[in-house]
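Subject: Handover of a structure and summary of findings

Dear colleague,

Please find the structure below, followed by a summary of what was found in it. I would be grateful if you would read the two side by side.

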Amino acid sequence: MTLIASGGVIIASAALFIVLSVFAGLKTFSLQFTSVVDPDLRLTAAEGKSFLWSEDDAKTLAQINGIGAFSQAIEERVIVKSDSKNLLATLKGVDQNYLNVTSVDSMVKRGQWLKPNSNEVVCGWGISNNLSFGVFDFLSSLSLYVPKPGKGQISSLRSAYNTVYVSNVGLFDINEELNNTYIFSDISLARQLVNYKDNQISSIDIRLNDPLLESDVRENINELFGNKFIVKNRAQLNDALYKMLNTENLAIYLIFTLVIIIALFNVIGAIIMMILDRKTSLHTLFNLGTELKSIKSIFFLQGSLMTLVSGLIGVALGLIVVQLQKSFELVMLTPELPYPVELKLINIVIVISTIIILGLVASRVATMRITKNLVSP
């Protein structure tokens, strides 16, 4: 009975650790794509979609300690047309400093990154597939449309839209959402398309020298620019993704904690069986003057040690399984991609803490079966 109870705890704790390691790997795998296109900090207008950015503002921002580089950007929803096909996408016009802030050019799988002050664009792989165009496909016309601002009746479709003709020189492959959403262009082309002024932009993307300086940089920006900007870090820019991943992680933890609780019922049963099996010995101890509290502590300690040792063995097995997956890629997510796992000290602490707390509770519940009537002859 004791071996069965111990085995249940070992399996449950190993399963909890493995699942937490898998979700840690999936979280890192999912968030690594956001670091490609999202900066450490992004400044957007507190009011409206755009703001004016002067040379003095740029000098002020550059003087803030902790900022390694920053880039101006214009972002707008556009209609992309290729031959007879069209779809909605997000155009992001960036300046020459953008590659100093992000590493999006490393994700260009075909072609090259766009040249400054040109009509070249770099599209997502999904947009390319949906509109059936490739790289350097000069025989297939590619055009971008944005509705013109203003009021009044529309006399013709041409007068209702600003239009630019572009050449796709690269295809990036990051993830499905970004591949189907973004087109990158030079900021001058985006400014021309959306009729912005020369000093009018949508956002400022910032790369920090040290992520630990984020709070200081935020304070300096708010102090120097007042309430002109909304400052968001990478987590805030992807708050829906972070909330989803954290919620899933919490749900999985609670589910497998329930499995551990069920396994600990075996521990309670094993302790009770030991108490009943040693009933004669308990009579002897009680008659020799042993207090009821001391008798309870014996079985409480035995149950606690059993769950703790079983939990440590389970974590050790989980560590072996996770390390084997990392080293030998035993389980594959796709033919080329192994199932991501990640070893984290916090997961070991969580599993052991859960086992200790629940083990103490289970041992306490089991020792409540020891009463004066049970141990007295």
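R278 is partly exposed, with 42% relative accessible area, where buried means under 20%, exposed over 50% and partly exposed in between (1.4 Å probe, protein chains only). The model is a predicted one, in which local features need pLDDT of at least 70 and side-chain atom pairs count only at pLDDT 80 or more, while totals for chains, interfaces and linings use all residues. Residues are numbered from 1 along each chain as its sequence is written, and side-chain values use heavy atoms, with hydrogens and water left out.

Salt bridges

R278 is joined to D277 by a salt bridge with an N to O distance of 2.3 Å; the term requires a side-chain nitrogen of Lys or Arg within 4 Å of a carboxyl oxygen of Asp or Glu. D277 counts as exposed because its relative accessibility is 56%. Elsewhere, D38, R42, E75, K92 and D205 are joined into one network by salt bridges that share partners. The structure holds 9 salt bridges.

Within that network, D205 and K92 form a salt bridge whose closest N and O atoms are 3.2 Å apart. D205 belongs to strand 11 (residues 203-208) and K92 to strand 4 (residues 85-94), so the pair ties together parts 113 residues apart in sequence. Helices (H or I, at least four residues) and strands (E, at least two) are DSSP runs, numbered from the N terminus. Both D205 and K92 are buried.

A further salt bridge links D40 with R234, with 3.1 Å between the closest N and O atoms. This pair connects distant parts of the chain: D40 is in the loop between helix 2 and strand 1, whereas R234 is in helix 10 (residues 234-237), 194 residues apart. R234 counts as partly exposed because its relative accessibility is 22%.

Two buried aspartates

D38 sits in the loop between helix 2 (34-37) and strand 1 (41-45). D38 counts as buried because its relative accessible area is 10%. Beyond its neighbours within four places in sequence, D38 is in contact with T102, R234, L237 and N238, contact meaning heavy atoms within 4.5 Å. The C-alpha atoms of D38 and S103, which are 65 residues apart along the chain, are separated by 9.3 Å.

D186, in strand 9 (residues 182-186), is buried yet has no salt bridge, and R191, the nearest side chain of opposite charge, is 6.9 Å away. For charge, Lys and Arg count as positive and Asp and Glu as negative, while His and the chain ends are not counted. Leaving aside neighbours within four places in sequence, the contacts of D186 include G93, V94, K115 and E120.

Nonpolar cores and a surface patch

In soluble globular proteins, nonpolar side chains tend to be buried together. The largest nonpolar core here has 43 residues, of which W53, L61 and I206 touch the most other members. Such a core is a set of buried Ala, Val, Leu, Ile, Met, Phe, Trp, Tyr and Cys residues joined through side-chain atoms within 4.5 Å. Beyond the neighbours within four places in sequence, I206 has contacts that include L41, L43, L61, F70 and I221. Another core, of 31 residues, lies apart from the largest one, and V9, I271, V315 and A366 are among its members.

On the surface, V309, I313, L317, I320, L324, F328, L330 and V331 make a nonpolar patch of about 740 Å². Patches are made of residues with over 30% relative accessible area and no salt bridge, with like charges joined within 9 Å and nonpolar side chains (Val, Leu, Ile, Met, Phe, Trp, Tyr) within 5 Å. Accessible areas come from the Shrake-Rupley method with a 1.4 Å probe, and for residues only the protein chains shown count as cover. L317 is located in helix 13 (residues 292-328) and counts as partly exposed because its relative accessibility is 41%.

Backbone

Most residues other than glycine have a negative phi, and most peptide bonds are trans. F136, which is not a glycine, has a positive phi of about 55° and is placed in the loop between helix 5 (125-131) and strand 7 (142-147). N195, also not a glycine, has a positive phi of about 60° and is found in the loop between helix 8 (187-194) and strand 10 (200-201).

With kind regards
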